[in-house]
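Trainee: I should like to learn how to read the features of a structural model. May we go through them in turn, beginning with aromatic rings?

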Amino acid sequence: MKCLIALTLCTLSMLTGCGRMSMGQLTQTNEGAPTGTGFSIKTVKVDGEDRKYGVFVPHSYNASKRWPVIVFLHGVLESGSDGTACMAVGLAPSIAKVAANFGFIAVFPQSTGDWVGDERLRIPVACLDQVQKDYATDTAHVGLTGLSNGGYGVWALGARYPDRFSCLAPMAGYTDYDDVPKLTRIPIWCFHNSGDFLVSPGGSEEMCKRIQAAGGNARFTKLDGMGHNCWEEVYDGGDLFKWMLTTGR
């Protein structure tokens, strides 16, 4: 049984991303960054317990202006309590490629498993609250994105806290049909590979169709790619971030 679990996790790892960024690589990215900027690990109280999470602060940050924010929800392979694995795959590696010029504060909460249930969904809200206390943030521009199970988390968290986010961008996520009526107030741009054989792209497309039918604003982009990893192309491309700046509340 252990061998089967290990094989499954190995296969999932190969499907979900080309490379994982280590804390050492994050540290290298910070070289030359002004003090107090770049990637770091913070701690916040959630339901009375300390939770570690990651933050990226733009190299040009100063408190004289308000900065847009992105909250990122990781997949199940990046769960834990170290505050680093949540930055190993997805948004953080893409930020690292352009760290000197990236203009958003990014928040990387970490779940101990998936993003199912109110207890785990309180984690990213607590992290966002703390970041908004610690930094000069633009509360009208707070985007929420995530991949795989974190893509499901985007649906669920956006539905529970619609007033906290200006837009949603789930990637290769699982469906959350029960929350469709609560997702009509937020602009959504959803992404999925056409050749994703781990999570069907049909679910993402159907989510967007149902939200549109309910009066919402949901855009679906099916990328012409194989495997689960659609996020690297999207985050590296930059168009998503430009769109986020147009969706302020």
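Trainee: Are Tyr235 and Phe241 buried or exposed?

Mentor: Both Tyr235 and Phe241 are buried in this predicted model. The term applies because a residue counts as buried when its relative accessible area is under 20%.

Trainee: How is a pair of aromatic rings described?

Mentor: Two quantities are used, namely the distance of the centres and the angle of the planes. In this structure, a search of the whole model finds 13 aromatic pairs. One of them joins Phe102 and Phe104, whose rings are tilted, with 5.6 Å from centre to centre and 40° between the planes. Tyr235 and Phe241 form a stacked pair, at 6.3 Å centre to centre and with 10° between the planes.

Trainee: Why do Phe102 and Phe104 count as buried?

Mentor: The cut-off is under 20% relative accessible area. Phe102 is buried because its value is 7%, and Phe104 is buried because its value is 6%.

Trainee: Which residues form one aromatic cluster?

Mentor: The cluster consists of Phe39, Phe56, Phe72, Phe102, Phe104, Phe108, Tyr235 and Phe241.

Trainee: Where do the charged ends of Arg210 and Arg219 sit?

Mentor: Here one looks for a charged group placed over the face of a ring. The charged end of Arg210 sits over the ring of Tyr177, at 3.8 Å from the ring centre. For Arg219, the charged end sits over the ring of Trp189, at 3.6 Å from the centre.

Trainee: Let us turn to the chain as a whole. How many helices and strands are there?

Mentor: The chain has eight helices and eight strands.

Trainee: What does the radius of gyration say about the chain?

Mentor: The value is compared with that of a compact globule of 249 residues, which would be near 18 Å; the chain has 17 Å, so the two agree. Along the principal axes, the C-alpha trace spans about 45 × 45 × 40 Å. Of the 249 residues, 54% count as buried. The accessible surface comes to about 10,900 Å², and carbon and sulfur atoms account for 51% of that area.

Trainee: What share of the contacts joins residues at least 24 apart?

Mentor: Among contacts between residues at least 6 apart in sequence, the share is 71%. His141 offers a case: 72 residues separate His141 from Val69 in sequence, and their C-alpha atoms are 6.3 Å apart in space.

Trainee: What else surrounds His141?

Mentor: His141 is found in strand E5 and is buried, because its relative accessible area is 19%. Leaving aside residues up to four places away in sequence, His141 touches Pro68, Val69, Ser166, Met244, Leu245 and Gly248. Its side chain makes a polar contact with the side chain of Asp138 at 2.7 Å. In addition, a polar atom of the His141 side chain lies 3.1 Å from the backbone oxygen of Leu245.

Trainee: With which side chain does Thr145 make a polar contact?

Mentor: The partner is the side chain of Tyr235, at 2.8 Å. Thr145 lies in strand E5, residues 137–147, and is buried, with a relative accessible area of 1%. Beyond residues up to four places away in sequence, Thr145 touches several others, including Phe72, Ala169, Tyr235 and Met244. Among these, Phe72 and Tyr235 are members of the aromatic cluster.

Trainee: How should a buried residue in a loop be read, and where does Trp115 lie?

Mentor: One takes the location, the accessibility and the contacts together. Trp115 lies in the loop between strand E4 (105–108) and helix H4 (118–134), and at 0% relative accessibility Trp115 counts as buried. The side chain of Trp115 reaches the backbone oxygen of His74 at 3.0 Å. Not counting residues up to four places away in sequence, the residues touched by Trp115 include Leu73, His74, Arg120, Asn149 and Tyr152.

Trainee: What is the sign of phi at Ser148 and at Ala172?

Mentor: Phi of Ser148 is positive, near 55°, in a residue other than glycine. Ser148 lies in the loop between E5 and helix H5 (149–160), and counts as buried at 7% relative accessibility. Phi of Ala172 is likewise positive, near 50°. Ala172 is found in the loop between strand E6 (167–171) and strand E7 (188–195), and counts as buried at 0% relative accessibility.

Conventions. Residues numbered from 1 in each chain as written. Predicted model: local features only at pLDDT ≥ 70, side-chain atom pairs only at ≥ 80, totals over all residues. Heavy atoms only, no water. Phe/Tyr/Trp six-rings, centres within 6.5 Å; stacked < 30°, edge-to-face > 60°. Buried < 20%, exposed > 50% of the residue type's maximum accessible area, 1.4 Å probe, protein only. Lys NZ or Arg CZ within 6 Å of the ring centre and 35° of its normal. Helix = DSSP H or I, 4+ residues; strand = E, 2+ residues; numbered from the N terminus. Rg over C-alpha atoms; globule rule 2.2 N^0.38 Å. Contact = heavy atoms within 4.5 Å. Areas by Shrake-Rupley, 256 points an atom, 1.4 Å probe, with all protein chains shown as cover. Polar contact = N/O pair within 3.5 Å; in protein donor to acceptor, adjacent residues only side chain to side chain.
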